[in-house]
Amino acid sequence: MNASATDSKCEDAALRRQPANCGNLPARGLALAALGIVYGDIGTSPLYALQSCFVGDDPVGTTPANILGVLSLILWALTLVVTVKYVIFILRADNHGEGGILALTALLSPLAKSPRRRQIVITLGLFGAAFLYADGMITPAISVLSAVEGLRLAEPTLERYWIIAISITILLGLFRLQSSGTAKVGALFAPIMLVWFAVLAGLGVWHILQEPGILAAVSPHHAVLFFSNNGTAGFLVLGTVFLAVTGGEALYADVGHFGVRPIRLSWFAVVFPALLLNYFGQGALLLHRPAAVANPLFEMTPHWALYPMIILATMAAVIASQAIITGSFSLTFQAIQLGFCPRLRIKHTSAEQRGQIYIPAVNHLLMAATIALVLMFRTSTNLAAAYGIAISMTMTATTVLFFTLIAFHWKWSRWIAGAFLLLFLPIDLSFLTANLAKVIHGGWFPLLMAALIYLVMSTWREGRRLTLREKGLSILPTEAYLESLSSRPLLRPTNTAIYLTANVHGTPIALQQNVIHNGVLHEHVVILRVETAETPRVAAGDRIHVEPIEGDVYRVALRYGFIERPNVPCDLAAATLGGEPIDLEHASYFLSREIVLPSENGGGMWRWREKLFAYMVRNSHAATTYFQLPADRVVEVGAQVEL
């Protein structure tokens with residue numbers, strides 16, 4: 001690779017490490033941009049949330065008292081869970097500007113005072129991330145399906161299979177689009193969502209003016225009466241009321257893209273009022289015409305505007321699905337960097353925006369799961385029975401982790417921390433308990449997916465720990481090994497050898513094999529470890545640490561944040577060895593490719609998990625590509641490791 005090409009690649013890498021371009025916009029511009037990314041999920045919940053409370057496996061009757069009670073529950077769920085818990089409290093817990101449950105886990109884990117507490121924090125974080133993935137599979141399916149179902153009102157004779165076919169076609173097109181990136185069409189997301197929220201609010205106001213009595217639902221006593229009148233059935237309705245707040249976790253996950261203030265501004269100025277007005281408008285329609293419960297959002301639309309509303313709803317559903325897909329890519333990248341997931345192939349679809357990445361394996365998994373869900377459940381009402389159970393577990397985990405942060409590390413007042421836990425944990429557990437009733441109606445699917453994802457992440461993490469332990473038992477300290485070579489006649493090529501290793505204080509296996517089989521020790525040797533910090537980014541001045549060992553042998557550490565893509569050649573170019581730059585143009589990179597063997601006598605994991613880990617190691621993406629090494633200058637040396 002010539003120098004100009006290398007410089008160009010390094011400039012692109014540096015651009016991608018900068019905060020997203022929208023960070024230069026004023027708060028109002030960022031607030032508008034956030035509408036197209038952050039609020040797609042919660043913004044499309046009026047398509048199915050209220051409807052599902054009265055139609056489904058455990059519905060309640062559309063009596064005036066029940067309508068007021070359900071609306072009161074939705075109002076106070078949006079107020080307490082999204083507005084107070086997430087917008088006011090949880091958004092404070094950013095990890096150097098990044099949010100989301102893995103960022104919160106990375107923030108908390110180094111603060112844990114004992115290995116046991118650290119393990120509890122990591123386990124909660126991994127479970128929360130796994131549940132987030134699982135519900136992310138349902139969001140595109142239920143959003144698109146519920147939007148397309150509006151066609152049944154415009155064309156009552158339309159067969160169900162056409163609804164399914166159109167929905168699958170839209171979803172296939174959306175997933176196909178991912179490989180080429182969405183930066184260009186993404187610019188349209190915010191204006192479309194702004195129109196969507198304006199239409200939601202306008203329709204709501206129109207119907208509220210026709211039935212102003214619906215405003216009585218503001219009083220929480222209607223929610224209390226609802227539980228009193230409906231007993232167990234009323235409590236189970238909480239599982240569908242929860243659908244109105246499932247997008248709350250997305251607010252926290254997207255802090256890194258927009259910042260706290262713009263997310264809060266767009267919530268209070270646009271999203272929260274539009275959602276409340278529309279839900280109350282749907283309630284007013286049901287008071288006047290209970291039969292409209294089959295599809296209240298489209299029933300409240302004037303007949304002449306039905307087709308434009310279906311098109312707008314479909315675009316909003318696609319935007320919501322896009323936000324989930326992009327979020328899944330970002331979550332996976334964080335998991336890889338933090339050591340919770342094997343390396344996967346990652347493609348940058350934009351040279352300017354760091355958030356624009358494409359991970360084929362994740363895209364294919366989401367596509368297969370989403371299409372399977374549409375074919376299995378067939379209607380948005382059926383899908384609603386499977387939706388919410390996993391995200392309710394994520395929200396519960398977030399509550400516990402945030403309480404741990406404010407009570408034990410930020411040292412907030414015991415009264416404030418205790419009040420936070422006593423208010424929100426019972427709410428989360430109530431939603432979670434109500435959602436557990438969905439298991440037999442389809443909730444088993446996200447639970448199964450979450451369990452499999454957690455199994456993969458926990459097996460990878462534990463397998464890497466055992467691998468490093470086994471290698472550490474047999475590895476030689478570099479200083480002692482070099483001293484043992486002092487009397488041996490060795491070939492000393494003049495170029496630089498760069499040995500990548502996970503143990504920077506030990507002698508890399510590739511170096512030992514090079515000496516044993518080739519009798520070679522290069523004149524300039526770099527023992528390189530790539531480390532991931534528990535912060536999203538690492539300042540340029542803190543990225544490289546060089547330590548001389550003996551003669552022209554150096555120990556180098558490169559540090560990256562958990563949202564930064566490693567580019568070893570570009571960053572090594574800034575290092576100096578003994579005051580001289582590294583001759584990277586003629587350098588050779590030596591990697592140890594591990595061949596993991598399950599133990600015969602029962603190691604640290606069950607044998608089937610050891611086999612799963614060995615399979616993941618064999619199929620993980622090549623380190624050459626992941627670290628962006630020049631392929632024609634890489635030498636791989638195999639090494640067997642028994643767990």
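**Exercise 1.** Is tryptophan 267 buried or exposed in this structure?

*Solution.* The structure is a predicted model, and in it tryptophan 267 has a relative accessible area of 0%. Buried means under 20% relative accessible area, so tryptophan 267 is buried.

**Exercise 2.** Determine how the rings of tryptophan 267 and phenylalanine 272 are arranged as an aromatic pair.

*Solution.* A search of the whole structure returns 23 aromatic pairs. Among them, tryptophan 267 and phenylalanine 272 lie 5.1 Å centre to centre, with 15° between the planes. Planes under 30 degrees apart count as stacked, and the pair of tryptophan 267 and phenylalanine 272 is accordingly stacked. Phenylalanine 272, at 13% relative accessibility, counts as buried.

**Exercise 3.** Classify the pair of phenylalanine 402 and phenylalanine 420, and place both residues in the chain.

*Solution.* The ring centres of phenylalanine 402 and phenylalanine 420 are 5.0 Å apart and the planes stand at 55°, so the pair is tilted. Phenylalanine 402 belongs to helix α21 (residues 389-409) and phenylalanine 420 to helix α22 (residues 414-436), so that the pair, 18 residues apart, links distant parts of the chain. Phenylalanine 402 is buried at a relative accessible area of 0%, and phenylalanine 420 is buried at 2%. Both residues belong to a cluster that ring pairs build from Phe89, Phe402, Trp410, Trp412, Phe420 and Phe424.

**Exercise 4.** Where does lysine 113 lie, and which residues gather with Lys113 in a patch of positive charge?

*Solution.* Lysine 113 sits in the loop between α6 (101-108) and α7 (115-148). Its relative accessible area is 69%, so lysine 113 is exposed. On the surface, Lys113 gathers with Arg116, Arg117 and Lys411 in the patch of positive charge.

Terms used:
Residues numbered from 1 in each chain as written. Predicted model: local features only at pLDDT ≥ 70, side-chain atom pairs only at ≥ 80, totals over all residues. Heavy atoms only, no water. Patch = residues over 30% accessible without salt bridge, like charges linked within 9 Å, V, L, I, M, F, W, Y side chains within 5 Å. Areas by Shrake-Rupley, 256 points an atom, 1.4 Å probe, with all protein chains shown as cover. Salt bridge = Lys/Arg side-chain N within 4 Å of Asp/Glu carboxyl O. Lys, Arg positive; Asp, Glu negative; His and termini not counted. Charge placed at Lys NZ, Arg CZ, Asp CG, Glu CD. Helix = DSSP H or I, 4+ residues; strand = E, 2+ residues; numbered from the N terminus. Buried < 20%, exposed > 50% of the residue type's maximum accessible area, 1.4 Å probe, protein only. Phe/Tyr/Trp six-rings, centres within 6.5 Å; stacked < 30°, edge-to-face > 60°.
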